[in-house]
Amino acid sequence: MPLVPMRQILDEAAKAGYGVGAFNVNNMEQIQAIMQAAHDTQSPVIIQASRGALKYSKMIYLRNLIQAAVEEFPEIPVSMHLDHGNSLDSCKKAIELDFTSVMIDGSLAEDGKTPNTYEANVAITKAVVTMAHPLGVTVEGELGCLGGIEDGHGAGLSVDEVNAHLTDPGQAEQFVADTGVDALAVAIGTSHGAYKGARKDPVTGKIMPPKLAMERIHQIHERMPNCHMVMHGSSSVPQELVDIINQYGGKMPDTAGVTLDNIQDGIKHGVRKVNVDTDSRLAMTGAVRKVFVETPGKFDPRDWLGPAREAAYKVYIERMKAFGQAGHARDYKPMTLDDMKKVYAKA
Ligand SMILES: [Zn+2]
């Protein structure tokens, strides 16, 4: 099976009412762990790479590793997606590498830091849609700004600033109409990375999960029931994974992620793509630290990359089940980019 356009994966998820995990990758072990989990749970899946990941893996390696994944598991619908494209050029390069979906993050200027005006966001997003749709490629846009910085990308907004840059539901409707995007990343108070907020429990003093503006998702879904929303920064940052890291010599400060309840509530109200990166990073780092501490004599990279892959696999299995995509890999006949071109040409 060739890679499928992400639009189809999201359309099918909407029909059956589930969400699909979009997992970031940088290397072979992560890709293998995702695919094994997708196979074992029979899940359609989105594998995504940031510009930083493509740079790290020298572009062609990551692309060919994902192609290998598709060859190994031909029955699993897989979409290869560019996370946070910052310009027409970065989206074009991804499409030339056979990505079947791109994100243009026009919420920030090309430097990936400065919040953009609405007009500038529409202009760049529309330009990417105009380039991508005739090739059958899916486009995700973003309105409003997320907190945190990931791979050097992000405005680095504080919690208060994040709350000033939430997605406005009325503007979201206008944005989708103005640009023709297939999926919309919404800012509801999530942040990228492992540190998502500073709310402390008044009794225990422990960091609490970020308070998300879920009502914005409900309102957008009411206005646009067919719009596929994307939740970025949706790692749950499980305490047990942080504990393993710290137990074996790590020094991660107290933190908390997005709750599964919030994610599942989003999925009930039009969220179809759930971006998770940090959780597999935590699992892998914990597994590697454990090997190094418990068996300091080991020096074969397979002895620590293998357990890292296994730890990530467990996280992916849990997420695929929780988001509801498990069991849906064979629901539909996968489309090609050529099929999708015809759909866009008719629209
Ligand atoms: Zn993101």
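Let us start with the loop between α5 (88–96) and β4 (101–104), where D98 lies. In this predicted model, phi of D98 is near 80°, a positive value in a residue other than glycine. Most residues other than glycine have a negative phi. As for its surroundings, D98 is partly exposed, with 15 other C-beta atoms within 10 Å.

A second residue belongs beside it. K58, in the loop between α3 and α4, has a positive phi of about 55° although it is not a glycine. Is K58 buried or exposed? With 9 other C-beta atoms within 10 Å, K58 is exposed, since the limit for that class is 12 or fewer.

From K58 I move along the chain to helix α4. This helix covers residues 60–72, which makes 13 residues. From its first C-alpha to its last, α4 reaches 18 Å, close to the 18 Å expected at 1.5 Å a residue. Its buried residues are L62, R63, L65, I66 and A69. Seen down the axis of α4, these buried residues fall within an arc of 165°, so they line one face of the helix. I60 and E71, on the other side of α4, are exposed. What covers the buried residues of α4? The cover includes two helices, α2 (28–41) and α3 (51–56), together with the strands β2 (45–50) and β3 (78–85).

Helix α8, residues 169–179, may be described in the same terms. Here the buried residues are P169, A172, F175, V176 and T179. They cover an arc of only 105° around the axis, which puts them on the same side of α8. The exposed residues G170 and A177 are carried on the face turned away from that buried side. The buried residues of α8 pack against α6 (118–132), β5 (138–143), β6 (183–186) and α9 (214–223). After α8 comes G180, whose phi is positive, near 75°.

I turn now to the strands, beginning with β1, residues 20–24. This strand is mostly covered, as five of its five residues are buried. In a regular strand the side chains alternate between the two faces of the sheet. In β1, V20, A22 and N24 point one way and G21 and F23 the other way, and all are buried. Which strands does β1 pair with? Four bridges join β1 to strand β8 (residues 271–276), and the two run parallel. Within that pairing, V20 has K273 of β8 as its bridge partner. Three bridges join β1 to β2, and these strands also run parallel. There, N24 has Q48 of β2 as its bridge partner. The chain crosses from β1 through α2 to β2, and this β-α-β crossover is right-handed.

Next, the nonpolar core. In soluble globular proteins, nonpolar side chains tend to be buried together. The largest nonpolar core in this model has 92 residues, of which I34, I47, V102, L184 and V186 touch the most other members. Helix α13 (residues 301–323) gives the largest share of this core, eight residues. What does I34 touch? Not counting residues up to four places away in sequence, I34 touches F23, V25, V45, I47 and Y316.

I close with two residues, H84 and E12. H84 is placed in strand β3. With 28 other C-beta atoms within 10 Å, H84 is buried. Leaving aside neighbours within four places in sequence, H84 is in contact with S50, R51, M103, D105 and H153. H84 and E140 are 56 residues apart in sequence, yet their C-alpha atoms are 9.0 Å apart in space.

E12 is found in helix α1, residues 6–16. Why does E12 count as buried? Because E12 has 21 C-beta neighbours inside 10 Å, and the class begins at 20 or more. Not counting residues up to four places away in sequence, E12 touches D331 and Y332. Finally, E12 and R272 are 260 residues apart in sequence and 9.5 Å apart in space, C-alpha to C-alpha.

Note on methods:
Residues are numbered from 1 along each chain as its sequence is written. This is a predicted model: local features need pLDDT of at least 70, side-chain atom pairs count only at pLDDT 80 or more; totals for chains, interfaces and linings use all residues. The expected span of a helix is 1.5 Å times one less than its number of residues. The arc is that of the directions from the helix axis to the C-beta atoms. Two residues are in contact if their C-beta atoms, placed from the backbone, lie within 7 Å. A nonpolar core is a set of buried Ala, Val, Leu, Ile, Met, Phe, Trp, Tyr and Cys residues joined through C-beta atoms within 7 Å. Two strands pair if DSSP finds at least two bridges between them. A crossover is right-handed if, with the strands pointing away from the viewer, the path from the first strand over the helix to the second runs clockwise.
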